[in-house]
Every structure is written in C-alpha cells, then in structure tokens.
Amino acid sequence: MGKKRTRDTEGKEALPQDPKAVGADGDSGDDEDFDMVDVDFEWFNFDPEIDFHGVKSLLRQLFDVDSTLFNVSALADLILSQSTIGSTIKVDGKATDAYAMLTVLNTCEHREKDGLKDVLKYIVNKAQTNESLSAIPPLLNGGSHVGLVFSERLINMPSEIAPPLYSMLIDEVEAAVEDKEPYEFSHYLILSKTYQEVESSLDTGDRKSKKAKGEPVVFYFHPEDEVFQKHAVAYGSFEYSKEGEAVADSKRAFQEAGIRTMGHLILIEAGKFAGATKAVQEYLSPSQ
C-alpha cells in the first residue's frame, strides 16, 4: 500500500518536466505564434475557508448548462469537508481561487447528502439514455461504494497537470483506506464532458453535405479521458437536459461554430484505476 504523499499547503510541488511555457491554447512548446507565460503551479489541499467560490465555479463549468439543476453550493461544501482527499492547483498562492481541482466522493456514503443526492439521480437517468452506460445504474441504485470523480480545470490549463493529480488522489485514497475511512471503492466513475461537431448555421453547400455523410466525431476537453476509456467497463456521452434553452453569448457562439458539448461518464473497476492512471502518465508525459 502506498504511503500518503505529504503536501505542504504553503509550499510548491512542481510538475514533472514542468510545462512552464503555456500558450493561449493551453499547450506547452516553443511555437512562435503564441505568447508564452512562465507559470509555477502549486498543489494544495482543499480549504473550506478559501476554496468555496473557486470549487463552485469549477463545478458549474463541469456541469455546463445543467449546473442549475443542482445545489452546487452544497456539493462544493461536501467536497471541501474532506480536505485530505483530492487537490487544487493554483498559481498565485493558497489564498487565490483554484485553476484546477480533482477529488472523489463515495456515492454510497453520501447518497442522501444535499448536493450529491440529485447528482446521483441525474447520472442514473442520463446513463439510462445510452446503452453503453447500462452498467452504471445498477451500481448506483444498488448501494455499491463507487468513487465519483470530479475533475475540472480552466480551459487553457496544460493537460500535463492531470497525471500528478490522479497519482496523488490514489495515494490519498489508499492512506484513507488504511485508516479505516470509507474510501474502499468497487469502481471509479469519472464525470466529464466532450464536444462534437454538429450542423451549424455557418455550414452551407458542399461542406454541409459532406458533414452529413459521417458520424459525429467526439472530442475531449480532458485528453486523459480518451486513455481512461481504454481501461473502462463502460463509457459514453449524454445530452444535457437544458441544451435547448437560451444560454450565454459565449456558449451560443460556440454552438454557431458547429460545436455541441455533452456530458460524459467513464466507469473503471477500482483494481484497474492505478494502471489506467499510469497509462495517462505515459500518454501525457512531455516529450524528452
């Protein structure tokens, strides 16, 4: 069993092969077409006195247009109540809002808690709309101890932050299990989102007819999700309940460009989660 990694909440933990040069598209590199910014990322435990608004904002981003269906404030409070599980990433010190977060909640332990209860009902309902996700409802309805993973980051954060976040989470869960805390999961269920190209008001003539011939291509906001799927029992996307309603101008512009966001679920057996995380590390490791 791995020993829990010690993190000084006032200090820094550098990324392996720290991707300090971050372009406007979130990728690291030396492309002269992008302005480069030197960034030192800092890892912290969740702190209820500091992180409420930052975590709430990231949760709203994760749930997209459906975030109004939930008590996101209560969900943020629940996440912050388990300060030794999961991490935030910040740039300008502990007292600032998180640029990224990763944590896990026990679906059985907290199934009646305000904030998570409606989220679990939502996930079950959405999983029933996609045959590829049929393994999920029996687990959640049957009282299995599933670790529901909440992972979100600002859109321009480099993907290289994902492997250390997940590695630390595994260490923390193992330490919690050794301490007889309720983190011994049968599965991990990653809640995420994807996007697809769709017919747009901008598409005309031959371009529209060509796009109509093929199936929509799925793209990933989080590149690690594509790797996790290779180790999954089940995975698939679902439509948002409020997708058809009026949305913010930024979202509307996104849709007019021929893009539609969707929710996404990835179910992985707990025994395969560490191996999946290692595969993510290998996939996202910066080139030597």
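**Overview. Salt bridges in the predicted model.** Eight salt bridges are counted in this structure, which is a predicted model. The views that follow show some of the residue pairs concerned.

**View 1. The salt bridge between Lys-90 and Asp-51.** The side chains of these two residues come together in a salt bridge, with a distance of 2.6 Å from N to O. Distant parts of the chain are linked in this way, since Lys-90 belongs to strand S4 (residues 87-90) while Asp-51, 39 residues apart from it, lies in the loop between strand S3 (42-44) and helix H1 (52-63). Lys-90 and Asp-51 are both buried.

**View 2. The salt bridge between Lys-193 and Asp-64.** Here the N to O distance is 3.9 Å, and the partners are 129 residues apart, with Lys-193 in strand S7 (residues 187-197) and Asp-64 in the loop between H1 and helix H2 (72-80). Lys-193 counts as buried because its relative accessibility is 7%, and Asp-64 also counts as buried, at 15% relative accessibility.

**View 3. The salt bridge between Arg-260 and Glu-239.** The closest N and O atoms of this pair are 3.4 Å apart, and the contact joins distant parts of the chain, with Arg-260 in strand S10 (residues 259-269) and Glu-239 in the loop between strand S9 (234-238) and helix H8 (249-256), 21 residues apart. Arg-260, with a relative accessible area of 25%, is partly exposed, and Glu-239 likewise counts as partly exposed, at 46% relative accessibility.

**View 4. A network of salt bridges.** Asp-64, Glu-152 and Lys-193 are joined into one network by salt bridges that share partners.

Definitions and conventions
Residues numbered from 1 in each chain as written. Predicted model: local features only at pLDDT ≥ 70, side-chain atom pairs only at ≥ 80, totals over all residues. Heavy atoms only, no water. Salt bridge = Lys/Arg side-chain N within 4 Å of Asp/Glu carboxyl O. Helix = DSSP H or I, 4+ residues; strand = E, 2+ residues; numbered from the N terminus. Buried < 20%, exposed > 50% of the residue type's maximum accessible area, 1.4 Å probe, protein only.
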